[in-house]
Amino acid sequence: MNPKITTVISEATIWQPELKTLREILLDCGLEEEMKWGKPAYLSEGKIIVVMQAFKSYFALLFYNGHLLKDEKKVLQLTGPNTKKGRQIRFENVEEIKKREKTIKAYVEEAVSLTELKK
């Protein structure tokens with residue numbers, strides 16, 4: 001566990017329970033955590049897999065190369081109209097995260113395997 005991320009989460013004024021829950025899931029996937037662009041990022045062998053993002057009305061898990069994922073559950077969304085690569089799964093509460101835990105882990109696993117193929 002990265003102490004910088006522990007601090008960021010403990011000082012969060014919104015989405016703190018969601019950040020904690022998602023962090024546990026991502027660490028359970030074997031990802032390393034690091035701060036990137038001022039946000040908690042999760043990496044595999046130095047390659048960014050996902051970044052946690054907090055907004056006013058929702059909380060998101062951004063898959064850095066989400067455009068490559070199959071998205072069999074149809075949960076990924078574009079981050080904006082000009083987005084090329086990144087895709088988000090958006091959440092509004094801890095219950096949503098827990099309900100989608102298997103999907104999150106499957107998408108993380110797929111993203112990691114795609115990163116390994118690029119070597």
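Two strands are said to pair if DSSP finds at least two bridges between them. In this predicted model, strand β5 (residues 77-78) meets that condition with β6, the two running antiparallel over two bridges. Within that pairing, leucine 78 has arginine 87 of β6 as its bridge partner.

Strand β6 also pairs with β4 (residues 59-63), again in the antiparallel sense, here over five bridges. Two of the contacts can be followed by residue: alanine 60 stands opposite arginine 90 of β6, and leucine 61 has isoleucine 89 of β6 as its bridge partner. In a regular strand, side chains alternate between the two faces of the sheet.

These pairings belong to an open sheet of six strands, in the order β1-β2-β3-β4-β6-β5, with antiparallel pairing. β1 (32-36) and β5 are at the edges and have a single partner strand each, so each has one side without a neighbour in the sheet. As for β6 (residues 87-91), four of its five residues are buried, so the strand is largely enclosed by the rest of the structure. Buried here means under 20% relative accessible area.

The chain also contains helix α2, which covers residues 16-28. At 1.5 Å a residue, its 13 residues should span 18 Å, and this agrees with the 18 Å between its end C-alpha atoms. The buried residues of α2 are Glu18, Leu19, Thr21, Leu22, Arg23, Ile25 and Leu26. Just after α2 comes glycine 30, with a positive phi of about 85 degrees.

Notes. Residues numbered from 1 in each chain as written. Predicted model: local features only at pLDDT ≥ 70, side-chain atom pairs only at ≥ 80, totals over all residues. Heavy atoms only, no water. Buried < 20%, exposed > 50% of the residue type's maximum accessible area, 1.4 Å probe, protein only. Expected span 1.5 Å × (residues − 1).
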